[in-house]
Every structure is written in structure tokens, then in C-alpha cells.
Amino acid sequence: MRTPVPSDFAFKYGTLLHRTAFDLTKGRLGGRLIGMPVVRLTTTGAKSGQARETMLTAPISEDDRVVLIASKGGSPKHPAWYHNLRANPEVQLTRRGRQEPWVARTASEAEKAELWPRIVRAYKGYDAYQQATDRPIPVVILERP
């Protein structure tokens with residue numbers, strides 16, 4: 001039995017509510033979710049060229065590397081933010097109250113295999129998301145330029 005996947009509507013408005021609480025409290029509310037730090041990822045729209053923001057959890061958050069998971073809750077489609085950063089890998093990341101430039105790339109198969117145990121230790125749900133979809137869920141590595 002497949003895990004139900006939240007609708008695009010639920011993702012969009014859930015993110016809006018989360019971002020509003022995060023902004024109003026300067027990260028005191030919504031700065032951590034399911035045990036992981038929350039970051040705001042700003043990408044450039046692949047088609048529109050406009051800035052697009054989304055709130056994400058970061059199962060690995062180090063000084064010079066942040067790892068994000070393009071799971072979309074196990075949806076059969078990649079999240080829009082993943083399409084955007086593939087087209088335009090220069091992104092802005094807000095964490096710990098600071099916005100900074102980063103460069104995004106999809107982890108290689110070897111990197112994903114190495115990182116996946118740490119990712120699942122941070123949140124077991126990622127394994128369930130992978131089982132819920134036929135697509136390989138991308139692991140995204142952000143590094144400082």
C-alpha cells in the first residue's frame with residue numbers, strides 16, 4: 001500500500017504558513033521541524049526567471065555543505081524547486097538568520113549511497129518516501145561558491 005502524497009495545494013499553502021511563522025519570529029518558530037533544521041531555499045524559476053522561495057528541512061547542515069532531499073513526500077514528480085535549481089544552480093540559502101549564496105548540484109549515485117544512511121537517521125520518513133515512488137529521489141548538495 002502506498003503512502004498518501006500531499007497535494008500540490010497542501011505543499012504550497014503549508015509552505016506559506018510555515019514561512020510566515022518563520023519570518024515573523026525570526027526563526028524561533030519553525031526553525032526546526034521533525035528534528036531537522038529548516039532552511040529557506042531561493043531558486044530562480046526555470047521558465048519564469050523569477051525568484052522562488054520554499055521552506056525545506058536539511059537532514060545534513062554543515063558549515064560548508066547543506067544536503068536537501070527532493071522527495072516531495074514520495075510524489076511521482078520532482079518538486080518545482082528541484083527543476084529550478086537544475087536549470088539555475090546558483091541559489092540563495094537562509095539559515096541561522098543569514099541569507100547567503102550557494103551552488104546546488106545533484107549528488108552522484110556514490111555520494112547518495114554514502115549520504116543516505118545519515119539522511120535516514122535524521123528522518124526515517126525519507127525511506128518511506130522512496131518506497132512510495134518509482135522515481136529515484138534526488139539528494140541535492142549545496143556548497144559555497
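**Figure 1. Overview of the protein chain.** Read along the sequence, the elements of the protein chain follow the order α-β-β-β-β-β-α-β-β-α-α-β. The model shown is predicted. Its secondary structure comes to four helices and eight strands. The protein chain has 145 residues, and 41% of them count as buried. Among contacts with a separation of 6 or more, 64% join residues 24 or more positions apart. The protein chain exposes about 8400 Å², and carbon and sulfur atoms supply 54% of that area.

**Figure 2. The hairpin of β6 and β7.** Strand β6 covers residues 90-95 and strand β7 covers residues 98-106. The two strands run antiparallel and are joined by six bridges. One residue to find here is Q92, whose bridge partner in β7 is P101. Two residues lie between the strands of this hairpin. In the hairpin, R96 takes a positive phi near 55°.

**Figure 3. The pairing of β7 with β8.** Strand β8 is made of residues 139-143. β7 and β8 pair in the antiparallel sense, and four bridges connect them. For V103, the bridge partner in β8 is E143. β7 is thus seen with β6 in the previous view and with β8 in this one.

**Figure 4. The largest nonpolar core.** This core has 16 residues. The members that touch the most other members are L41, L68, W81, L85, V140 and L142. At least two residues of the core come from each of β2 (36-44), β5 (65-69), α2 (80-87), β6, β7 and β8. Helix α2 gives the most, with three residues. Another core lies apart from this one and has 13 residues, among them I60, V120, Y126 and V139.

**Figure 5. The surroundings of V140.** V140 is one of the core residues that touch the most other members. Which residues is V140 in contact with, leaving aside its neighbours within four places in sequence? They are V66, V67, L68, W81, Y82, L85, A104 and R105.

**Figure 6. T42 in strand β2.** T42 lies in strand β2. Is T42 buried or exposed? T42 counts as buried because its relative accessible area is 10%, and the cut-off for buried is under 20%. Neighbours within four places in sequence are left aside in the following list. T42 is in contact with A51, R52, E53, V91, Q92 and Q99. Of these contacts, Q92 also appears in Figure 2, as the bridge partner of P101.

**Figure 7. G73 in the loop between β5 and α2.** The loop between β5 and α2 holds G73. With a relative accessible area of 10%, G73 is buried. A second residue to locate in this view is T133, which is 60 residues away from G73 in sequence. In space, G73 and T133 are 9.2 Å apart, C-alpha to C-alpha.

**Figure 8. A nonpolar patch on the surface.** Three residues, F9, Y13 and L16, make a nonpolar surface patch of about 310 Å². F9 is found in helix α1, which covers residues 8-24. F9 counts as exposed because its relative accessibility is 58%, and the cut-off for exposed is over 50%.

Definitions and conventions: Residues are numbered from 1 along each chain as its sequence is written. This is a predicted model: local features need pLDDT of at least 70, side-chain atom pairs count only at pLDDT 80 or more; totals for chains, interfaces and linings use all residues. Side-chain values use heavy atoms; hydrogens and water are left out. Two strands pair if DSSP finds at least two bridges between them. A nonpolar core is a set of buried Ala, Val, Leu, Ile, Met, Phe, Trp, Tyr and Cys residues joined through side-chain atoms within 4.5 Å. Buried means under 20% relative accessible area, exposed over 50%, partly exposed in between (1.4 Å probe, protein chains only). Contact means heavy atoms within 4.5 Å. Accessible areas come from the Shrake-Rupley method with a 1.4 Å probe; for residues, only the protein chains shown count as cover. Patches are made of residues with over 30% relative accessible area and no salt bridge: like charges are joined within 9 Å, nonpolar side chains (Val, Leu, Ile, Met, Phe, Trp, Tyr) within 5 Å. A salt bridge is a side-chain nitrogen of Lys or Arg within 4 Å of a carboxyl oxygen of Asp or Glu.
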